[in-house]
Every structure is written in C-alpha cells, then in structure tokens.
Amino acid sequence: MTVMLYLIGLGVDFDLGVKALNIVKKADRVYLESYTSPVDFSVIDSYGFNYDVLSREQIEEEFNVLDAKEKDIVILVPGDPLTATTHISLILEAYEKKVPYKVIHASSVYTAVCETGLQIYKFGRSTTMPATGEKSFYTVIEENMSLGLHTLVLVDPELDSKQAIEMLLSMGFPSDYKIVLASKLGYDSTIYYGKASDLAADVDKPFCIIIPGKLHFMEQEFLDKVYKYNSVK
C-alpha cells in the first residue's frame, strides 16, 4: 500500500468523518496545524489518537514532505485544508518531490457564510482585520462595496468583537450601515444583523464580520426576518 501525505480538514466544528478518522488512526504520524484558526483541543483529544501541534514556523520551515515517502503522515487543518497558502505550498512541494498526497476537504467559513442568507456568488474578495491596526483590509471593503459585493472580514484572534467593530468604525465606516456579526459560524452559530454601532459588543470567538453589498430582495428578507431582532446588548 502506497504511503503518502494527507491533508485533512477538520471542518468548522472539528467533526472528523469516518473516512478521515480511519486514515488518522492508521497513520504513522499525525500533526495538527493550530495557527490559521482557533482549535478546540478537547474535541480533538476525544478521538483518542496521538498528535503533535505545529506552529506556522514549523510548517513553513521545518516540516519535511519527504518523510511521507516512507510513512503515512497526516496534517490536520481547522476548516478546509486548502484555504491557506501554506498548505497549497505543501501540495506543490509534494508534487515537485514526487511525494504521493491526498486532500480530504471539509466545511469552512467560506461555505458557512451562506447560513447568514447572503448568496455566496455575491461575495467579493475576503480580507483579514489585523490586530496591528494596519488599514489595507478596509480598502478591500471599499472596493467590494463599490461593486455591490459582500465582504467577508476575518478577524485576528487577538481582537475581540467589540474591538473589531470599533476598529472598523475608526476607519470611517458609517455607523448606521447594517452589517452581519457571526459567532461560531457553522457549528454553534449566533448571527446578528444591525447597525455597525449597535453591534459593538463582545460575542464568543471565533467570529467574523460580513459587510453586505447590494442586497438581493431575498437576502434582505432573510436578514430582516431571521436576524434583525438578535441583540448583542
């Protein structure tokens, strides 16, 4: 049987399917990437297999894909395994070094956003709000809004939701513009829709912010009926 490198998504709720779990339990080494999204280690531990946690530096600088020529190696990734450039680079390196690999996909925030009622094909480029206060993320929001497109704003885990909304407003974002604030999206979702200034309160991590663009009437109806009266106060 061919040994190989496996990149396995944990999904938004860390729920390993039967196929993925069988691969993990038979693997020679299992690694957990823990930097692209917060990890619920209690869920991972409940599966009963051994694993080592890898940092970004260890994945990018120390991990050797050639090890997968001699033994089965699994890298577990929160969400879908190929939504971060680091993991695309691993696949490219494996291809160049003729290391067999397999990707097992899973749910991610990029699919879970549909729970808000916003249509996936109406999203523009996503962006990340950094804890440093750097402003480039806001340029993406402005560009998408000029095209009538929605913006998924991922938020640095160091920021809480109140800080994130306040940073958004400090960039000149209109306080009365209605946005979506989503906590634990896709597995224990709580979704809020309202004026940006009204949503400047703490919600559970992980969370994201969605800036709606031009709303289709079905999107507007869904937001108004399902989430309008949610309150974070």
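**Entry 1. The two domains**

I take buried area to be the accessible area, found with a 1.4 Å probe, that two parts lose on being put together, summed over both. I note at the outset that the structure I am reading is a predicted model.

I looked up how the chain is divided. The domain assignment gives domain 1 as residues 5-107 and domain 2 as residues 110-227. I then checked the separation of the two, and their C-alpha centres lie 29 Å apart. I also recorded who takes part in the contact: five residues come from domain 1 and six residues from domain 2.

I next turned to the area that this contact covers. Between domain 1 and domain 2, about 440 Å² is buried. Carbon and sulfur atoms give 78% of that area. I asked which residues of domain 1 lose the most area to domain 2. They are V12, P38 and T83, and together they account for 71% of what the domain 1 side buries. I sorted the residues on the side of domain 1 that touches domain 2, and I found two nonpolar, two polar and one charged.

I then searched the interface for specific pairs. The salt-bridge rule finds zero such bridges across the interface of domain 1 and domain 2. For polar contacts, with both residues at pLDDT 80 or more, the count between the two domains is zero residue pairs.

**Entry 2. Salt bridges in the structure**

I counted salt bridges over the structure and obtained eight. I followed up three pairs.

I began with D52 and R29, which form a salt bridge whose closest N and O atoms are 2.8 Å apart. D52 belongs to strand β3 (residues 52-54) and R29 to strand β2 (residues 29-33), so this pair ties together parts that are 23 residues apart in sequence. I asked whether D52 is buried, partly exposed or exposed. D52 has a relative accessible area of 34%, so I entered D52 as partly exposed. R29, at 31% relative accessibility, also counts as partly exposed.

I went on to R125 and E143, whose side chains meet in a salt bridge at 3.5 Å, N to O. R125 sits in the loop between α5 and β6, while E143 sits in helix α6 (residues 136-146). This pair links distant parts of the chain, 18 residues apart. I entered R125 as exposed, because its relative accessibility is 52% and the cut-off for that class is over 50%. E143 is partly exposed, with a relative accessible area of 40%.

I closed this entry with K225 and E221, whose side chains meet in a salt bridge at 2.7 Å, N to O. The two residues are four apart in helix α8 (residues 217-227), and therefore about one helical turn separates them. K225 is exposed at a relative accessible area of 61%, whereas E221 is partly exposed at 32%.

**Entry 3. Lysine 122**

I finally looked up K122. Where does K122 lie? I located K122 in the loop between α5 (109-112) and β6 (127-129). I asked whether K122 is buried or exposed. The relative accessible area of K122 is 16%, and I entered K122 as buried because the cut-off for that class is under 20%.

I listed the contacts of K122, leaving out residues up to four places away in sequence. K122 touches L149, H150, K214, L215, H216 and E219.

Terms used:
Residues are numbered from 1 along each chain as its sequence is written. This is a predicted model: local features need pLDDT of at least 70, side-chain atom pairs count only at pLDDT 80 or more; totals for chains, interfaces and linings use all residues. Side-chain values use heavy atoms; hydrogens and water are left out. Buried means under 20% relative accessible area, exposed over 50%, partly exposed in between (1.4 Å probe, protein chains only). Contact means heavy atoms within 4.5 Å. Domain bounds come from an automatic or database domain assignment. A salt bridge is a side-chain nitrogen of Lys or Arg within 4 Å of a carboxyl oxygen of Asp or Glu. A polar contact is a pair of N or O atoms within 3.5 Å; within protein, one must be able to donate a hydrogen and the other to accept it, and residues adjacent in sequence count only if both atoms are side-chain atoms. Ala, Val, Leu, Ile, Met, Phe, Trp, Tyr, Cys and Pro count as nonpolar, Asp, Glu, Lys and Arg as charged, and the others, Gly among them, as polar.
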